[in-house]
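Please open the model in your viewer and keep the sequence panel beside it. The tour below moves from one selection to the next and says what is to be found at each stop.

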Amino acid sequence: MRGVIMYSPGDVQVVDREDPKIIEPTDAIIRLTATCICGSDLWPYRGIEPVDHTHMGHEYVGVVEEIGADVKTVQPGDFVIGSFVISDNTCEICRAGFQSKCIHAEFVAQTVGTQAEKARIPHADGTLVATPGHPDEDLVPALLAASDVLGTGWYAADAAQAGPGKTVAVVGDGAVGLMAILAARELGAERIIAMSRHPERQKLARYYGATDIVEERGEEGIARIHDLTGGYGAHSVVEAVGTQESFMQAVGATRGGGHMGYVGVNYDVQIPGIQLFFAGIHLLGGPAPVRRFLPDLIDRIWNRTIDPGKVFDLTLPLDQAAEGYKAMNERRAIKTLLTL
């Protein structure tokens, strides 16, 4: 089969890889219908994460081809969506709703590698969710988004306690930030402030439910949020970038007693303890437990209540994955869908 390998920072190639095989009785083999490039894939691409002949990709939808003897919830021929973190969905942590911290958790990125024609998914019963049938072609991008970027944005909005009567501020106008805006709208937020400097992303933010746009950053951005909220700050803040500036901007934008959901992969972020102490806010974040939200998200997409697929603004065949990485790294694309 064909699949993406990142040999070193910036060196992305599509090569012949060995077809996956059932190893454990809880495994499933799927033939991918579509996959994509995530903003987090840019960390190794830029040399911030180590990379060496690494199998890339962690977002995936496709059709089950083969299952292990113990798999019960999906069958060959099912169209399925899986989380970017493997989970059994039965351990105590999974049952509490934090499947990304399952005792059997394994990241699909850099292990399974789903920027490929096929993939072996461990703990298939706990990781994969079948759709009601085979989707229309135009629904595939939206369903693919649920595998990570939509589920992560939804988790961030949920962690920030977005809901009726709340003002939500979203720091970050990448794919996850845009999906957090969508989620905040669906959860009933009264006002949604998107922090963005990019006109095309601002348009998409408005489409997904943003009521206000703030272009300022850092202390100026914090001041602007407070100006818009009568001096209080936002009830709910999503941090979807992962830099020092964005994280502290999110902390500063959150009102006392408010909630902040952080899902940006935050390498080298240093949080001054005294500043956090006096902020007096709730914090919840980390790798999103996408599996918790998948049944609901699939239902909303299937019924065409939401269309997260618009976050893909570049579509390329798998063999042109290197161009997809380059376009995202240069911010010429928000998110690249790879067809198979």
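A residue is called buried when its relative accessible area is under 20%, exposed when it is over 50%, and partly exposed in between. Please also keep in mind that this is a predicted model.

**Stop 1: a salt bridge between two strands**

Select Glu65 and Arg31, whose side chains meet in a salt bridge with an N to O distance of 2.9 Å. Because Glu65 belongs to strand E5 (residues 60–67) and Arg31 to strand E3, the pair ties together parts of the chain that are 34 residues apart in sequence. Glu65 has a relative accessibility of 36% and therefore counts as partly exposed, and Arg31, at 38%, counts as partly exposed too.

**Stop 2: Asp19 and Lys118**

Now select Asp19 together with Lys118, which form a salt bridge whose closest N and O atoms are 3.9 Å apart. This pair links distant parts of the chain, since Asp19 sits in the loop between E2 and strand E3 (28–37) while Lys118 sits in strand E9 (residues 118–121), 99 residues apart. Is each partner buried or partly exposed? Asp19 is partly exposed, with a relative accessible area of 35%, whereas Lys118 is buried, with a relative accessible area of 14%.

**Stop 3: a salt bridge inside a helix**

Move to helix H11 (residues 290–302), where Arg300 and Asp296 lie four residues apart, about one turn of the helix. In general, an α-helix has 3.6 residues a turn, so residues three or four places apart point the same way. The side chains of Arg300 and Asp296 meet in a salt bridge, at 2.9 Å from N to O. Arg300 counts as buried, at 19% relative accessibility, while Asp296 is partly exposed, with a relative accessible area of 33%.

With this pair in view, add the residues of the earlier stops again: Asp19, Arg31, Glu65 and Lys118 are joined into one network by salt bridges that share partners. A search of the whole structure finds 20 salt bridges.

**Stop 4: a three-stranded sheet**

Next, show the strands E2, E1 and E4, which in that order make up an open sheet of three strands with antiparallel pairing. Strand E2 (11–16) and strand E4 (54–55) are the edge strands, each of them pairing on one side only. Strand E1 (residues 2–8) is joined to E4 by two bridges, and these strands run antiparallel; if you select Met6, its bridge partner in E4 is Thr54. Helix H12 (residues 321–329) packs on this sheet, where it touches E1 and E2, and its direction makes about 160° with that of E2.

**Stop 5: the nonpolar cores**

Which residues of the largest nonpolar core touch the most other members? Select Val61, Leu150, Leu178, Met179, Ile181 and Ile301, which do so in a core of 57 residues. Helix H6 (residues 175–186) gives the most to this core, with nine residues. Center the view on Ile181: leaving aside neighbours within four places in sequence, Ile181 is in contact with Val170, Ile192, Ala194, Ala205, Tyr208, Gly209 and Ala210. Apart from the largest core lies another, of 18 residues, including Ile193, Val237, Ala253 and Val269.

**Stop 6: the two sides of helix H7**

Select helix H7 (residues 199–208) and color Arg201, Gln202, Leu204, Ala205 and Tyr208, which are its buried residues. If you look down the axis of H7, these buried residues fall within an arc of 165°, so they line one face of the helix. On the other side of H7, Pro199, Glu200 and Lys203 are exposed. What covers the buried residues of H7 includes H6, strand E12 (191–195) and strand E13 (212–214). Just after H7, Gly209 takes a positive phi of about 130°.

**Stop 7: a glycine in a loop**

Finally, select Gly188, which is found in the loop between H6 and E12 and counts as partly exposed, at 30% relative accessibility. Leaving aside neighbours within four places in sequence, Gly188 is in contact with Gly163, Pro164 and Gly165. The C-alpha atoms of Gly188 and Gly165 are separated by 7.7 Å, although these residues are 23 residues apart along the chain.

Notes:
Residues numbered from 1 in each chain as written. Predicted model: local features only at pLDDT ≥ 70, side-chain atom pairs only at ≥ 80, totals over all residues. Heavy atoms only, no water. Pairing = 2+ DSSP bridges. Contact = heavy atoms within 4.5 Å. Axes fitted to C-alpha atoms, helices over the stretch in contact; angles between N-to-C directions. Core = buried A, V, L, I, M, F, W, Y, C linked by side-chain atoms within 4.5 Å. Buried < 20%, exposed > 50% of the residue type's maximum accessible area, 1.4 Å probe, protein only. Arc of directions from axis to C-beta. Salt bridge = Lys/Arg side-chain N within 4 Å of Asp/Glu carboxyl O.
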